[in-house]
Amino acid sequence: MEATELVKAITSLREPRTTMGGVNLVAGFRPELWRKVAADASPRGVEDFNHDVVGPGDYRMPTTQHDAVLWISGSAYDVVFDVARQAIAALDTVAQVAEETSSWPYHHDRDLTGFIDGTENPSLIDAPDIALIPEGSPGAGGSILLLQKWTHDAVAWESQPIPEQEKVIGRTKPDSVELDDRPADSHAARTDQDQFGKIFRRNMPYGTVTDHGTMFVGFSADQRRLVAMLENMAGKTDGVRDRLTFFARALTGSYYFVPSLQDLRRW
Ligand code: HEM
């Protein structure tokens, strides 16, 4: 069966040991594909990104779901490049590359809006409880990933004075302090984790000088938190659209299940 072959091929990929510095390899599968091949290691009710997320005024975040994702990261691009090419070659008979994005850190922890990204992330101590399926449940130790590529309208964004940008995000630009009078349509208000539950983000800036944005990378133990945040950003719930979506446009949208190493090793 095709899905089984794909899972087998991906799980046999290994992070190579090199003298040039290591790479980290994260593999995820379309949730409904993973459920077909490993029902007992599949969290209940997790769905593919099956529909565009729509909001008032024909606003739309598109679905571009693919069967699997590989996230290869490392401190040097040459090693990442080689490992990515080897992975593509190893998967040649079972998969083709549908989409490729290269990303890089920008001024330590800022995204390409210039704001610090990740301030409200849980600490690394707390992150496993938030991002991983709990012990005793199917898929334990795995995580649900929302991957969504956003292109930024840099000209429109940069034409806003900093106090206005701060109202869009809901935090200050130099040091990411939450605004006392954070507007209801600010990004931080639309994704408020006190309302929707906590997630763990590892967003990455991507692209070229003239065409760039944010690869949103969000992990959660519960898909509903991610779905609810997206719908609230789109204004689906109450007609209030996240102001950030007037400066950044979602190009892609997909969910993946990232199984635990233990579940991957069974293949
Ligand atoms: C263009 C895309 C995006 C950019 C540039 C962006 C940037 C930011 C920034 C600068 C912050 C404030 C600092 C922080 O707490 O990290 C933030 C907060 C946050 N963002 Fe985003 N974000 C994007 C998309 C998304 C999406 C698609 C989601 C969820 C589906 C999301 C979820 C969150 C959450 C949960 C917070 C923290 C909210 C809280 O204060 O509890 N973001 N984002």
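Here's a quick tour of one helix, the core, the ligand shell and two odd loop residues in a predicted model.

Let's start with helix α9, residues 223-234. How far apart should its ends be? At 1.5 Å a residue, its 12 residues should span 16 Å, and the end C-alpha atoms sit 17 Å apart, so that agrees. Its buried residues are Arg225, Leu226, Met229, Leu230, Asn232, Met233 and Ala234. As for spacing, an α-helix has 3.6 residues a turn, so residues three or four places apart point the same way. The cover over the buried residues of α9 includes strands β2, β3, β5 and β8, plus helices α7 and α8. Right after α9 comes Gly235, with a positive phi of about 80 degrees.

Now, the core. Leu230 turns up again here: the largest nonpolar core has 47 residues, and Leu230 is among those with the most contacts inside it, along with Phe29, Ile144, Leu145, Tyr256 and Phe257. Leaving out close sequence neighbours, up to four places away, Tyr256 touches Gly28, Phe29, Arg30, Val69, Leu145 and Leu147.

Okay, the ligand. There are 27 residues around it, and Glu120, Trp150, Thr191, Gln193 and Ala248 come nearest. Our helix α9 helps out, too: β5, α7, β8 and α9 each supply at least two shell residues. By class, that shell has 12 nonpolar, 10 polar and 5 charged residues.

Last, two oddballs. His108 isn't a glycine, yet has a positive phi of about 70 degrees. Is His108 buried or exposed? Exposed, because just 6 other C-beta atoms lie within 10 Å, and the cut-off for exposed is 12 or fewer. Ser176, also not a glycine, has a positive phi of about 60 degrees, and sits in the loop between α6 and α7.

Notes
Residues numbered from 1 in each chain as written. Predicted model: local features only at pLDDT ≥ 70, side-chain atom pairs only at ≥ 80, totals over all residues. Helix = DSSP H or I, 4+ residues; strand = E, 2+ residues; numbered from the N terminus. Expected span 1.5 Å × (residues − 1). Buried ≥ 20, exposed ≤ 12 C-beta atoms within 10 Å, placed from the backbone. Contact = placed C-beta atoms within 7 Å. Core = buried A, V, L, I, M, F, W, Y, C linked by C-beta atoms within 7 Å. Near = placed C-beta within 6 Å. Nonpolar A, V, L, I, M, F, W, Y, C, P; charged D, E, K, R; others polar.
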